[in-house]
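User: I'd like a close look at one part of this protein, the nonpolar core and what sits around it. Could you walk me through it in plain bench language?

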Amino acid sequence: MERRELLKWGAVAGGTIFFGDASRLGGSTASAAGKMLEQCLKANQQYAATFKEGKLPLPPAKKLAAVACMDARLMVDQFLGLKNGDAHVIRNAGGLVTDDAMRSLVISYHLLGTREFFVVQHTDCGMLTFEEDAVKKQIAKATNSDTSALRLYPFKNLEENVKA
């Protein structure tokens with residue numbers, strides 16, 4: 001049986017991603033991040049020990065790719081009736097075909113034989129709830145960073161956005 005490490009070290013605290021030892025974060029943040037990282041690494045070891053999907057071919061069996069929202073409430077494989085190996089699922093905030101999503105779709109099409117594409121957006125999406133400039137200002141203040149090049153791509157109308 002092939003064993004794989006499917007999760008790389010990483011912890012998120014206060015909006016910053018740290019790789020490696022979460023104890024470097026300090027205080028209760030380090031404790032919380034360390035516990036979550038520990039739980040994820042333990043789950044990853046269990047998953048890797050029983051992983052049996054490594055023999056599936058790289059191309060998706062249904063020649064399908066879907067760009068979907070990253071909303072944690074959505075189980076894309078379930079609501080599209082997919083199983084492991086059926087499709088490439090690319091997720092991001094809002095289920096938007098951004099430059100990076102397009103990069104993945106191009107690779108999926110040209111290198112792995114995908115021939116159908118879905119864009120999946122949903123009601124009650126968080127991308128409907130904010131204005132880009134206000135959030136960019138909030139991020140700039142919290143991180144003391146220049147956010148002028150940051151694009152968040154919120155939208156006001158789900159139906160119009162899906163058609164765009």
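Analyst: Here is a walk from the whole chain down to the core, and then out to a few residues elsewhere.

Keep in mind that this is a predicted model. The protein chain has five helices and five strands, and along the sequence they come in the order β-β-α-β-α-β-α-β-α-α. Of its 164 residues, 29% count as buried. If you take the contacts between residues at least 6 apart in sequence, 62% of them join residues at least 24 apart. On the outside, the accessible surface comes to about 11500 Å², and carbon and sulfur atoms account for 56% of that.

Now for the core itself. The largest nonpolar core is a set of ten residues. Two of them are cysteines, Cys69 and Cys125. The leucines in it are Leu74, Leu96, Leu152 and Leu158, and Met127, Phe130, Val135 and Phe155 complete the set. Leaving aside residues up to four places away in sequence, Cys125 touches Cys69, Gly94 and Phe155. Cys69 and Phe155 are also on the list for this core. Apart from this core lies another one, made of five residues, including Ala65, Ile90, Ala101 and Leu105.

What about the residue just before Cys125? That is Asp124, which sits in the loop between strand E5 (116-120) and helix H4 (132-143). Cys125 belongs to the largest core, while Asp124 counts as exposed because its relative accessibility is 57%, and exposed means over 50%. Asp124 also has a phi near 60°, a positive value in a residue other than glycine.

Lys63 is another non-glycine residue with a positive phi, about 50° in this case. You'll find Lys63 in the loop between helix H1 (27-50) and strand E3 (64-69). With a relative accessible area of 45%, Lys63 is partly exposed.

Strand E5 is worth a stop too, and Val119 is the residue to look at there. Val119 is a valine, but it counts as partly exposed because its relative accessibility is 43%, and buried would need under 20%. Not counting residues up to four places away in sequence, Val119 touches Val67, Gly95 and Val97. Val119 and Val97 are 22 residues apart in sequence, and their C-alpha atoms are 7.8 Å apart in space.

Note on methods
Residues numbered from 1 in each chain as written. Predicted model: local features only at pLDDT ≥ 70, side-chain atom pairs only at ≥ 80, totals over all residues. Heavy atoms only, no water. Helix = DSSP H or I, 4+ residues; strand = E, 2+ residues; numbered from the N terminus. Buried < 20%, exposed > 50% of the residue type's maximum accessible area, 1.4 Å probe, protein only. Core = buried A, V, L, I, M, F, W, Y, C linked by side-chain atoms within 4.5 Å. Contact = heavy atoms within 4.5 Å. Areas by Shrake-Rupley, 256 points an atom, 1.4 Å probe, with all protein chains shown as cover.
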